[in-house]
Amino acid sequence: QTFGAAAAIAICAGGLMGLPQAVSGLRELKILKRLRVTPAGPVFILGVELSMYIVYCIVSLATLTAAALLWGVRLHGSLPAFLGSWALTMLSALSIGMLVGGTAKDVKQASVLASILYFPMLIFSGTTLPIEVMPAAMQKIVGVFPLTQGITMMKQAFLGISAGSVLLPVCVMLGVSALCTALSIRFFRWE
């Protein structure tokens, strides 16, 4: 049950804390100002940073998998379903990080915004406190977090629990990914 939550924590750490600071750090060091005169646009710059953090997430999942194998943890469900839900969770978290990093004025502002997003998602999405023990009203509120949807899907896929309809969680995560990516490109700050 905790494997999906641990995988989500790694995704969140990179996507919501690392990526925004990396992109805004380039801005603060005036690297983006220099890149502005080159053919590299926001899509390329954000794409490079996104690629680096995708590799970070893959390495994190591989490390977590190796540790789980050493402790004898077994997958009771579907590996493709787990990996698909993990990938959707990763893309939605990284897109939020791109939006924060692409629009924040400096590293300090990116750090504050990332913390405001990171800690409520970390605490209330099911990574630290199981969503099943939360009051029904709170479950509905935190259901809008893409991380909540991702953890729920990963948990169900890992444990082999019937997920029912995955349309809503997939739509939430794809919608967040598309919206945040579009906004990060549209409102990208060079300086």
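How many salt bridges does the structure hold? The exercises below treat this and related matters in a predicted model.

**Exercise 1. Count the salt bridges, identify the partners and place them along the chain.**

Step 1. The general idea to start from is that side chains of opposite charge can pair when their charged atoms come close.

Step 2. In this predicted model the structure holds 1 salt bridge, in which the side chains of Lys-155 and Glu-132 meet with an N to O distance of 3.0 Å. With a cut-off of 4 Å between nitrogen and carboxyl oxygen, the pair at 3.0 Å qualifies.

Step 3. The pair links distant parts of the chain, since Lys-155 lies in helix H7 (residues 146–159), whereas Glu-132 belongs to the loop between helix H5 (107–124) and helix H6 (136–142), 23 residues apart.

Step 4. Lys-155 counts as buried because its relative accessibility is 10%, and the limit for that class is under 20%.

**Exercise 2. Find the aromatic pairs and classify the geometry of the pairs Phe-3 with Phe-82 and Tyr-118 with Phe-119.**

Step 1. A search of the whole structure gives 6 aromatic pairs. One of them joins Phe-3 and Phe-82, whose ring centres are 5.5 Å apart and whose planes make an angle of 50 degrees, so that the pair is tilted rather than stacked (under 30 degrees) or edge-to-face (over 60).

Step 2. This pair connects distant parts of the chain, with Phe-3 in helix H1 (residues 2–28) and Phe-82 in helix H4 (residues 79–103), 79 residues apart. Both Phe-3 and Phe-82 are buried, and together with Phe-158 they form one aromatic cluster.

Step 3. Tyr-118 and Phe-119 form an aromatic pair with 4.8 Å between centres and 80 degrees between planes, which is edge-to-face. Tyr-118 counts as buried because its relative accessibility is 10%, whereas Phe-119, at 40%, counts as partly exposed.

**Exercise 3. Which rings have the charged end of Arg-27 or Arg-186 over them, and at what distance from the ring centre?**

Step 1. The charged end of Arg-27 sits over the ring of Phe-188, with 5.8 Å to the ring centre.

Step 2. For Arg-186, the ring in question is that of Phe-187, and the charged end sits over it at 5.0 Å from the centre.

**Exercise 4. Determine the number of disulfides, and explain why Cys-12 and Cys-171 are not bonded.**

Step 1. The structure holds 0 disulfides; the cut-off for the two sulfur atoms is 2.5 Å.

Step 2. For Cys-12 the closest cysteine sulfur is that of Cys-57, and because the separation is 9.6 Å, it is too far for a bond. With a relative accessibility of 1%, Cys-12 counts as buried.

Step 3. For Cys-171 the closest cysteine sulfur belongs to Cys-180, and at 16 Å that sulfur is likewise too far for a bond. Cys-171 counts as partly exposed, given its relative accessibility of 45%.

**Exercise 5. Describe the nonpolar surface patch that includes Met-52, and then the setting of Ala-81.**

Step 1. Phe-44, Val-48 and Met-52 form a nonpolar patch on the surface, and their accessible area together is about 290 Å².

Step 2. Met-52 is found in helix H3 (residues 42–70), and because its relative accessibility is 46%, Met-52 counts as partly exposed.

Step 3. Ala-81 lies in helix H4 and is also partly exposed, with a relative accessible area of 38%. The C-alpha atoms of Ala-81 and Gly-18 are separated by 27 Å, the two residues being 63 residues apart along the chain.

Methods: Residues numbered from 1 in each chain as written. Predicted model: local features only at pLDDT ≥ 70, side-chain atom pairs only at ≥ 80, totals over all residues. Heavy atoms only, no water. Patch = residues over 30% accessible without salt bridge, like charges linked within 9 Å, V, L, I, M, F, W, Y side chains within 5 Å. Areas by Shrake-Rupley, 256 points an atom, 1.4 Å probe, with all protein chains shown as cover. Helix = DSSP H or I, 4+ residues; strand = E, 2+ residues; numbered from the N terminus. Buried < 20%, exposed > 50% of the residue type's maximum accessible area, 1.4 Å probe, protein only. Phe/Tyr/Trp six-rings, centres within 6.5 Å; stacked < 30°, edge-to-face > 60°. Lys NZ or Arg CZ within 6 Å of the ring centre and 35° of its normal.
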